[in-house]
Each structure stands twice: as C-alpha cells, then as structure tokens.
Amino acid sequence: MQLTVLGCRSGMPGAGQCSSSYLVESEKARLLLDCGPGAATALSTITHPDQLDAVVISHLHLDHCYDLLPLGKTLLAGYGQFAELFPTLPSLTRRVERAPVPLYVPAGGRERLTALAALFPVATIPLLDRAFEVAFDVREYAPGDVFEIGDTTVSLHELRHSVPNCGTRIDSGTGSFAYTGDTGVTADLVPFARDVDMLLAEATLELTDTTGHGHLSATDAAAVAAAAGVDQLVLTHFVTADRAWLAARKVDAERVFAGPVHLAAPAARFTTRSPEVLAPVVPGAELARSGRAGTELAGTELAPRG
C-alpha cells in the first residue's frame, strides 16, 4: 500500500503547499482521503479524478473538504460542452464512459456540499451545478461504518475534534494504514491505530492541546504510535513549512516512538511495508504513461462503476 501526500497544511494553503489531502493506493484501489484547498490541482499532476475508486472526508472543516467542488466540476467538465469550438483538440470529442465517484462524508455533508455548489451557478451549462448529484455518489457515513473498496476494507472511527471527525483505517492484503483526520488526545486513538503498518497522524501543535479544540502535537502522535504498536509514523497537518521547526517536531516524536518517523511534504511518497521514503512524485509522469495528459476535458457518458 502506498501513500502520496498531496497537501499537508493545517488550515489554508501556504508557502506553495495545499491543505490536507492524501492519495492511498493498494493493488486494486485508489482512495483520496480529504480534499482541502489546492488538492484538485495537486491531484491533477498525478491522475484524473475519474481514476479514483472513492473519496473519504474525515470531517467538514474547510481545510479538509473545500476542493471537492473543483474536483466535481473537473469530473463534469468533459460532458461534450462546446467541443465543436475546439477543432484542434480532438480529445474533447472522445467519449469515455464514467460512473460517479463514491464520496463518503459525515452526516449532513450532502446538504452542505449541495449548498456550496449552489453558490456558483453556471446558467449556460446547468450540468456544472450538479457536482454532488452527477459527478459524485454522495454517501453519508456514521462512526463505526465499514465498507469494501476494491481489495481494501475501510472503517471509520470516531475521534475527538470540535466538529464530528472520524479517523479512516484501511486494511488490505498489501498493508494496513490509518489516518487521524483532526483529533485531540483521546483513548480512542490507540485501538483505532492498533498494529497498523503506517499511521498518518496530524501533528498541528508544538505542545499538547489544552483548548478543547482537538489537535495533536508530534509528541502526542508518537505516544499513540508507540502504544498502538504502529510500524511507521508519518506526521502531517503542519502550520508552517519552516524546516527547522519541522525538524524539531520530528525529534519530539523520535523521543517517544522507536520506529521510523517521517514528515509529510507535498508529493512525498511512502509505502506501508518499507521504512524507505520513495522518490517524490514527478508531476505529469503518470498522466503521460497512461495517455491522459491533455485529455482532462474529454467527453464522457455516465455508466455504472465496475
């Protein structure tokens, strides 16, 4: 199982880095976990969103879900609108069957996302207003829900944040992985992450949260990893890109957790079965190999997802 970091910023994008978003791939599944501002752009350097098997949103804070609308409009953009006005781009007239991408959101997510799309109507192309009706198959989940995606089993675990937040655990024959979303210190973290090959944990703070809002420090995240018997820890959700500050947080974690500790960074890649950090993503390389480069607006027709 492989993790690619699209964005690792807490709150809004900064220093050229987008907000929280992560691509997790097994042998037969490709999942997007969270989709904060800038995620649609970052994903576009790797693959087209119609190659996703599912999107899972941990909670409905802006920095974790705002780019669902651009992502949805990207999925809708190729329905043959005005293709005849681009005679030198034949890819615009190629029609490929596409089914809606399953989108798992907390309760109330469907209404909120539909309201977001309604704020930006396109009167001349009304289809573009239906991202959460046509592009996505929106499915509201509850804590404790479990579902199958490809060769993976995905389970949602309630954690502690200022709004309902679920950690996402992914288990498959190619590894196990857990992502906290946003959470404060809670006893629920250890059973959630028990024995996973890799824990992707928010590490927003320098010191343990005393406000009740619900965030972890690097030391908190490392304590969870140690107690849960995690193999590797990846820290994320940073308030800064300052290298010295980030290096100090890594040292904080290494004082508590004996396993490998990694810092998330845009385009960084990790694998659950090895502590070695993979080479960063080369923007556009996978699109070029798949023949998708330059075809993002290709026309499509709706068909059931296999």
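Guide: Let's start with a term: two strands pair if DSSP finds at least two bridges between them. Helices (H or I, at least four residues) and strands (E, at least two) are DSSP runs, numbered from the N terminus. What you see is a predicted model, in which local features need pLDDT of at least 70 and side-chain atom pairs count only at pLDDT 80 or more, while totals for chains, interfaces and linings use all residues. Residues are numbered from 1 along each chain as its sequence is written, and side-chain values use heavy atoms, with hydrogens and water left out.

Visitor: Okay, how many helices and strands does the protein chain come to?

Guide: The protein chain has 306 residues, and 54% of them are buried (under 20% relative accessible area; exposed is over 50%, partly exposed in between, with a 1.4 Å probe and protein chains only). As for secondary structure, the tally is 9 helices and 17 strands.

Visitor: In what order do the 8 strands of the open sheet stand?

Guide: The pairing in this open sheet is mixed. Strand E7 (136–141) and strand E16 (274–278) each have a single partner strand, so they stand at the edges and one side of each lacks a neighbour in the sheet. On average, neighbouring strands here are turned by 20 degrees against each other, direction ignored. Going across, the order is E7-E6-E4-E3-E2-E1-E15-E16.

Visitor: Which residue in E2 stands opposite Thr4?

Guide: Look at strand E1 (residues 2–7) and strand E2 (residues 21–25), which pair over 5 bridges in the antiparallel sense. Across from Thr4, in E2, you'll find Leu23.

Visitor: And what angle does helix H3 make with E7?

Guide: Helix H3 (residues 68–76) packs on the sheet, in contact (heavy atoms within 4.5 Å) with strand E3 (30–35), strand E4 (54–56), strand E6 (101–106) and E7. Angles run from 0 to 180 degrees between N-to-C directions, using lines fitted to C-alpha atoms, for helices over the stretch in contact. For H3 and E7, that comes to about 145 degrees.

Visitor: What about helix H4 and its angle with E6?

Guide: Helix H4 (residues 109–118) packs on the sheet too, where H4 touches E6 and E7. The direction of H4 and that of E6 make about 110 degrees.

Visitor: How many residues of strand E10 are buried?

Guide: Strand E10 (residues 165–172) runs antiparallel to strand E9 (residues 152–159), with 8 bridges joining them. E10 also runs antiparallel to E11, joined by 5 bridges. E10 is mostly covered, and out of its 8 residues the buried ones number 7.

Visitor: How many residues lie between E10 and E11 in their hairpin?

Guide: The hairpin that joins E9 to E10 goes through 5 residues. Where E10 meets E11, Ser172 stands opposite Gly175. Between E10 and E11 the hairpin has 2 residues.

Visitor: Is the pair of Tyr22 and Tyr179 stacked or tilted?

Guide: Rings of Phe, Tyr and Trp (its six-membered ring) pair if their centres lie within 6.5 Å, with planes under 30 degrees apart counting as stacked, over 60 as edge-to-face and the rest as tilted. By that rule there are 3 aromatic pairs. The ring centres of Tyr22 and Tyr179 are 5.1 Å apart and the planes are at 55 degrees, so this pair is tilted.

Visitor: How many residues apart are Tyr22 and Tyr179?

Guide: Tyr22 and Tyr179 are both buried. The pair links distant parts of the chain, since Tyr22 is in strand E2 and Tyr179 is in strand E11 (residues 175–179), and the two are apart by 157 residues.

Visitor: What's the angle between the planes of Phe132 and Phe136?

Guide: Phe132, at 5% relative accessibility, counts as buried, and so does Phe136 at 2%. Their aromatic pair is stacked, 5.8 Å centre to centre, with the planes at 15 degrees.

Visitor: Which residue has its backbone nitrogen 2.8 Å from the side chain of Asp197?

Guide: Asp197 sits in the loop between helix H6 (189–193) and strand E12 (198–202). At 12% relative accessibility, Asp197 counts as buried. The backbone nitrogen 2.8 Å from a polar atom of the Asp197 side chain belongs to Ser176.

Visitor: Last one: is Pro280 buried or exposed?

Guide: Pro280 is in the loop between E16 and helix H9 (285–290). Leaving aside neighbours within four places in sequence, Pro280 is in contact with Ala267 and Arg269. Its relative accessibility is 52%, so Pro280 counts as exposed.

Note on methods:
A polar contact is a pair of N or O atoms within 3.5 Å; within protein, one must be able to donate a hydrogen and the other to accept it, and residues adjacent in sequence count only if both atoms are side-chain atoms.
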